[in-house]
Amino acid sequence: MTDVFPSHGPTVASGRRAPENPAGGDDTPEWDAQSPLLLRTGRIAAVAVAAAWAVICVMMLLRPVFISHDSLSNNVHVWFISDQLWSGNGIPMHVPALANGEALTFPYSSIPWITAALAWPLLGDRAVTLWLIAGFVATVVATFWTFPTLRRGWWAAATLTNPSLVISPLLGQLPFMWSIAAFTFAIGLWRRSKVLPAVLLTTAASIIHPAVVMPIIALTVLLWLPFEERERRRSLVGWWLLTVVISLPAVWAVFQSPVVAQTSMATQVGALLQTVGMRLLVLVVPIVLVLMQVYLRPPGWAPVALTVAFVVLQWPMYTPFGMDFAWGSLTRDPDAQVDAFVDSGGVTEGDTYRVLTGLDGKYGLYAVARAGGVLDAEFFPEGLHRGPFGSEAGYARFLQERQVDTVVSFPSYTERYTRSNEPELLQAMSTEGCVEGVQVVRRPGGNPWAVYDIDRSC
């Protein structure tokens, strides 16, 4: 990618010299209207934001387990992969503890999960957190390297406060961070005519997170095509299609995940569009900022206003995007009730469990799996089924289909999932006989949680 995205100094990526700004001298690009004062304050602001990010990363690493919306899905896979690798068993295709043993070991994220698993014996769960932070740092470095004009003053501060960038590490989106970092570096390499490394990194990005990043790559290529030099357009499309072909096994793995069979097509498409739309902005926002610099030549206060706007935008995203829970992950400890249940011997190895917790970021699922239990689903929210059931008969059929042996319900589930009637159905069915071949028996005990054994052969 050439002149549309200028370089940091008086020369552009194509090697031709950019116009100089008579008012600013050779060191001030023509597009940059920041005054010396704004540049100085912008550097201070960028350093302050970077320092805030450093504090956030340290706080993440201080947690024995970083518990956010998407984080523990990484932990359970890395834990299993590490256990298999270091015990000399190799890496099987399926994870016995997830979705009744039907879950793939690598539904995506093969590269970061395998490498994190190598560090697991030394760091434990913190290996996953460290890899998440590494993906975030790599994304930031890739953004500034690929779009060097964003390093100047308040433009750097605006880039670091991009709301989509803020969301990703705090939600625990490790595969996405690694994938988008690889693709952003690939863009920079293509701009510099480093074709083979660009193709390799684009392929890696596609393999790491095909469902989300491959659409982002496709959109980027197709939207950029009219701006590419005419003689390089065919090459760009050809190399991109090659990365798609090489990544097809990773695409196949996505569709083999049990969550595909457990959810409707409408749910899958809706979740995909929402996810791609939000994460696309991690790349789109820097590109838009550069296009503003080149084509709009905004006034010097523009990046200041953008930085303020991006910071203010964090508030409306706080609850709808689950950022209240995500920010809480910086100080969150594992759920004490879940640990007490596991420590009490409540998990029977090999039995299939449905774990109903609500305010623990799926920690209950993770703890039961590590204690030897088998879960009825993967960690994807689409397959956990946290909504209401139409009737006792429908719920009984659900338990049959999921092959559930035990349901454990914690008070936090009712508090979090107010639409779900599952705890009420369990309590009601425990006082009745056989329903659709299922009998529910509540275990005695005075614990805050309730345990129900499921007889699927009555």
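**View A. Y108, W113 and F380 form one aromatic cluster.** The model shown here and in the other views is predicted. Three rings make up this group: Y108, W113 and F380. W113 also appears among the contacts of H77.

**View B. H77 sits in helix α2.** This helix covers residues 71-86. Is H77 buried or exposed? H77 is buried, with a relative accessible area of 3%. Which residues does H77 touch, leaving aside those up to four places away in sequence? They are V95, L98, L104, T105, P107 and W113. A wider view can take in R151, 74 residues from H77 along the chain. The C-alpha atoms of H77 and R151 are separated by 37 Å.

**View C. W53 and F136 form one of the aromatic pairs.** The structure holds 13 aromatic pairs. The pair of W53 and F136 is tilted. Their ring centres are 4.3 Å apart, and the planes make an angle of 40°. W53 belongs to helix α1 (residues 36-62) and F136 to helix α4 (residues 125-146), so the pair ties together parts that are 83 residues apart in sequence. Are the two partners buried or exposed? W53 is buried, at 7% relative accessible area. F136 is buried too, at 5% relative accessibility.

**View D. Two arginines place their charged ends over phenylalanine rings.** R279 has its charged end over the ring of F176. The distance to the centre of the F176 ring is 5.4 Å. The charged end of R332 sits over the ring of F325. Here the distance to the ring centre is 3.6 Å.

**View E. D376 and R402 meet in a salt bridge.** Side chains of opposite charge can pair when their charged atoms come close. The structure has 11 salt bridges. In the one between D376 and R402, N and O are 2.9 Å apart. Why does this pair tie together separate parts of the chain? D376 lies in the loop between β6 (374-375) and α18 (381-384), while R402 lies in helix α19 (residues 392-402), so the joined parts are 26 residues apart in sequence. Both D376 and R402 are buried.

**View F. R456 and D405 form a salt bridge between distant parts of the chain.** The N to O distance is 3.0 Å. R456 is in the segment after β9 (450-455). D405 is in the loop between α19 and β7 (406-409). The two residues are 51 residues apart. R456 is partly exposed, with a relative accessible area of 29%. D405 is also partly exposed, at 21%.

**View G. D453 and R443 join strand β9 to a loop.** The side chains of D453 and R443 meet in a salt bridge of 2.9 Å, N to O. D453 is in strand β9, and R443 is in the loop between β8 (439-442) and β9. They are 10 residues apart. D453 is partly exposed, at 26% relative accessibility. R443 is partly exposed as well, at 28%.

**View H. R354, D376, R402 and E422 belong to one network.** Salt bridges that share partners join these four residues. The bridge between D376 and R402 returns here.

**View I. Five strands build an open sheet.** Strands of a sheet pair through backbone hydrogen bonds, either parallel or antiparallel. In what order do the five strands of this sheet run? The order is β6-β5-β7-β9-β8, and the pairing is mixed. Which are the edge strands? They are β6 and β8, each pairing on one side only. Helix α17 (residues 363-370) packs on the sheet. This helix touches β5 (352-356) and β6. The direction of α17 makes about 155° with that of β5.

**View J. Strand β9 pairs with β7 and with β8.** β7 and β9 run in the antiparallel sense and share four bridges. Which residue of β9 does S409 stand opposite? S409 faces A450. V408 stands opposite V451 in β9. β8 and β9 pair in the antiparallel sense too, over four bridges. V440 has I454 in β9 as its bridge partner. D453, the partner of R443 in a salt bridge, also lies in strand β9.

Key:
Residues numbered from 1 in each chain as written. Predicted model: local features only at pLDDT ≥ 70, side-chain atom pairs only at ≥ 80, totals over all residues. Heavy atoms only, no water. Phe/Tyr/Trp six-rings, centres within 6.5 Å; stacked < 30°, edge-to-face > 60°. Buried < 20%, exposed > 50% of the residue type's maximum accessible area, 1.4 Å probe, protein only. Lys NZ or Arg CZ within 6 Å of the ring centre and 35° of its normal. Pairing = 2+ DSSP bridges. Contact = heavy atoms within 4.5 Å. Axes fitted to C-alpha atoms, helices over the stretch in contact; angles between N-to-C directions.
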